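Please open the model in your viewer and keep the selection panel at hand. The stops below go from one charged pair to the next, and then to a lone acid and a surface patch.

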Amino acid sequence: MLDLACGNNKQKGFIGVDITKKGTQANIEHNLSIYPWPFKDESVDEIWCSHFVEHLPHGVGLQDGMVDFMNECWRILKKGGIARYLTPYYANARAFQDPYHTRYITETSYLYFNKEWRKVNKLEHYPIHTDFQIAKIDHSIGQVAQGRATEAVQYMATHNWNVVDDILVTLKK
C-alpha cells in the first residue's frame, strides 16, 4: 500500500513516497513527476494520495501531468486495487489559495479515467490508458453547512462557494 506524496501525514500501514525523505515521513524518495515510478506493474494493492493531484502541472497539447500520474497509478495497481484521492473541492477558496495549485478538481474530473466514458464522449484519442471505475465519492462539508439537513446541504453545495471543503474519490481497477 502506497501513500503518494505523503509529506508528514503518512497513513498507518502504508509505504510513504515523497520527493524527499528529509523532513518527511517518506520511506521512498522519488519525484512523482518522473516516470516510470520504481514499482513493478500491478504490484500495489492500494494507493492513498492526499492533497497532491491539484499540484500536478498542466502540459502542452495532449500531454498532461494529471493524465501521466493517473496512467502510472493504473500501471502499478493490481487488478481489483483501489486508489483514493483527497483534494480541495473546486468550489472552495482553499482550492485557489495555494499558489502551487495548478488545477481544480470536481466529481466529474475522474470520469476521464474510465474507458467507456471516454468512448461514449468520443475521447478515445486522449492518451489515457486507464479504465477506473468510480467506487465512491465523499465530500467534507465545511462549518457553514454543519448540522443542516441533507437536502439543505445539497442545495447549498450547488449554489454557494465554501460549502464543501474537500472531495475524496475512490477509484477501483
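**A tour by selection**

Begin with Asp-138, which is partly exposed at 28% relative accessibility (buried means under 20% relative accessible area, exposed over 50%, partly exposed in between, with a 1.4 Å probe and protein chains only). Add Lys-136, whose side chain meets that of Asp-138 in a salt bridge at 3.8 Å, N to O (a side-chain nitrogen of Lys or Arg within 4 Å of a carboxyl oxygen of Asp or Glu). This is a predicted model, in which local features need pLDDT of at least 70 and side-chain atom pairs count only at pLDDT 80 or more, while totals for chains, interfaces and linings use all residues. Residues are numbered from 1 along each chain as its sequence is written, and side-chain values use heavy atoms, with hydrogens and water left out.

Select Arg-75 and Asp-41 next, a salt bridge with its closest N and O atoms 2.6 Å apart; the pair links distant parts of the chain, 34 residues apart. Salt bridges that share partners join these two and Glu-72 into one network.

Move on to Glu-46, which is buried at 15% relative accessibility and forms a salt bridge with Arg-84, the closest N and O atoms being 2.8 Å apart.

Now select Asp-3, which is buried yet has no salt bridge, the nearest side chain of opposite charge, Lys-10, being 7.8 Å away. A polar atom of the Asp-3 side chain does lie 2.8 Å from the backbone nitrogen of Gln-11.

Finish at Phe-96, which is partly exposed, with a relative accessible area of 42%.

Terms used:
Lys, Arg positive; Asp, Glu negative; His and termini not counted. Polar contact = N/O pair within 3.5 Å; in protein donor to acceptor, adjacent residues only side chain to side chain. Helix = DSSP H or I, 4+ residues; strand = E, 2+ residues; numbered from the N terminus.
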